[in-house]
Amino acid sequence: METQTNQLTPNSLAFIALCNEYCSTLENCGAMTPDDFTAAMLRLLPRIYISATDLSRDSLETGYIEPVMEEDAYNAVCSTISALLGEHDTYLEVFEEDMKYSDTPIAATISEGLTDLFQVFYNFVETVRDAPYPVVEEAIAAVAEDFRDYWSRILCNQLRALNNLRYSGLLENE
């Protein structure tokens, strides 16, 4: 039996499970309707965000997450989401740093944002799968730091775009 110091917190376990569920949902989204997919993302993303905000207290050391996702896999997931959402994939990005210097709106795509998150979560899940406790703890610290520095903004932007898509009635006629 492991000692208390070699056990992951319930939040860390929940975060790993949510990342795995997210990856599974994106890998299988081609079989979903746009409305079901949007609803699934709006259920998962807030839970991932909340769980990630508490990760910083779970580990003290920062590790490294090996980038294992191949470009073909990234492109396949991105293309599937883009095809699923069709004309509704593009939205205007208002929180882009370059926006304050631009006279024209900056377009972004839900498919690319969700796939960027998929890449982070896929690499994380593959790093912790069957890894010893110290590696898992370091990977959790690394993904928590990456959350603060990088992907928290992407996640929030996707929530805003997906929320608009779901509740604006755009998908009702699909």
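User: Happy to be looking at this one with you! How many disulfides does a search of the whole structure find?

Analyst: Let's start with what the term means: a disulfide is a covalent bond between the sulfur atoms of two cysteines. Keep in mind that this is a predicted model. When the whole structure is searched for disulfides, the count is zero.

User: Which cysteine sulfur is closest to the sulfur of cysteine 19, and how far away is it?

Analyst: For a disulfide, the two sulfur atoms would have to be within 2.5 Å. The closest cysteine sulfur to that of cysteine 19 is too far for a bond. It belongs to cysteine 23, at a distance of 6.7 Å.

User: Is cysteine 19 buried or exposed?

Analyst: Here we need a cut-off: buried means under 20% relative accessible area. Cysteine 19 has a relative accessible area of 0%. Cysteine 156, with 35%, is partly exposed, whereas cysteine 19 is buried.

User: Now for charged side chains. How many salt bridges does the structure hold?

Analyst: Side chains of opposite charge can pair when their charged atoms come close. To count here, a side-chain nitrogen of Lys or Arg must be within 4 Å of a carboxyl oxygen of Asp or Glu. The number of salt bridges in the structure is four.

User: Which helices does the salt bridge between arginine 47 and glutamate 21 link?

Analyst: The side chains of these two residues meet with an N to O distance of 3.9 Å. They sit 26 residues apart, so the pair links distant parts of the chain. Arginine 47 belongs to helix H2 (residues 34-53), and glutamate 21 to helix H1 (residues 10-27).

User: What is the relative accessibility of glutamate 21?

Analyst: Both partners of this salt bridge are partly exposed: arginine 47 has a relative accessible area of 41%. Glutamate 21 also counts as partly exposed, and its value is 36%.

User: Arginine 160 forms a salt bridge with glutamate 93. How many residues apart in sequence are the parts that this pair ties together?

Analyst: In this salt bridge the closest N and O atoms are 3.3 Å apart. Arginine 160 lies in helix H5 (residues 133-167), while glutamate 93 is in strand S1 (residues 90-93). The pair therefore ties together parts whose separation in sequence is 67 residues.

User: Which residue of that pair is buried?

Analyst: Arginine 160 is partly exposed, with a relative accessible area of 30%. The other partner has a relative accessibility of 4%, and buried means under 20%. The buried residue is therefore glutamate 93.

Terms used
Residues are numbered from 1 along each chain as its sequence is written. This is a predicted model: local features need pLDDT of at least 70, side-chain atom pairs count only at pLDDT 80 or more; totals for chains, interfaces and linings use all residues. Side-chain values use heavy atoms; hydrogens and water are left out. Helices (H or I, at least four residues) and strands (E, at least two) are DSSP runs, numbered from the N terminus. Buried means under 20% relative accessible area, exposed over 50%, partly exposed in between (1.4 Å probe, protein chains only).
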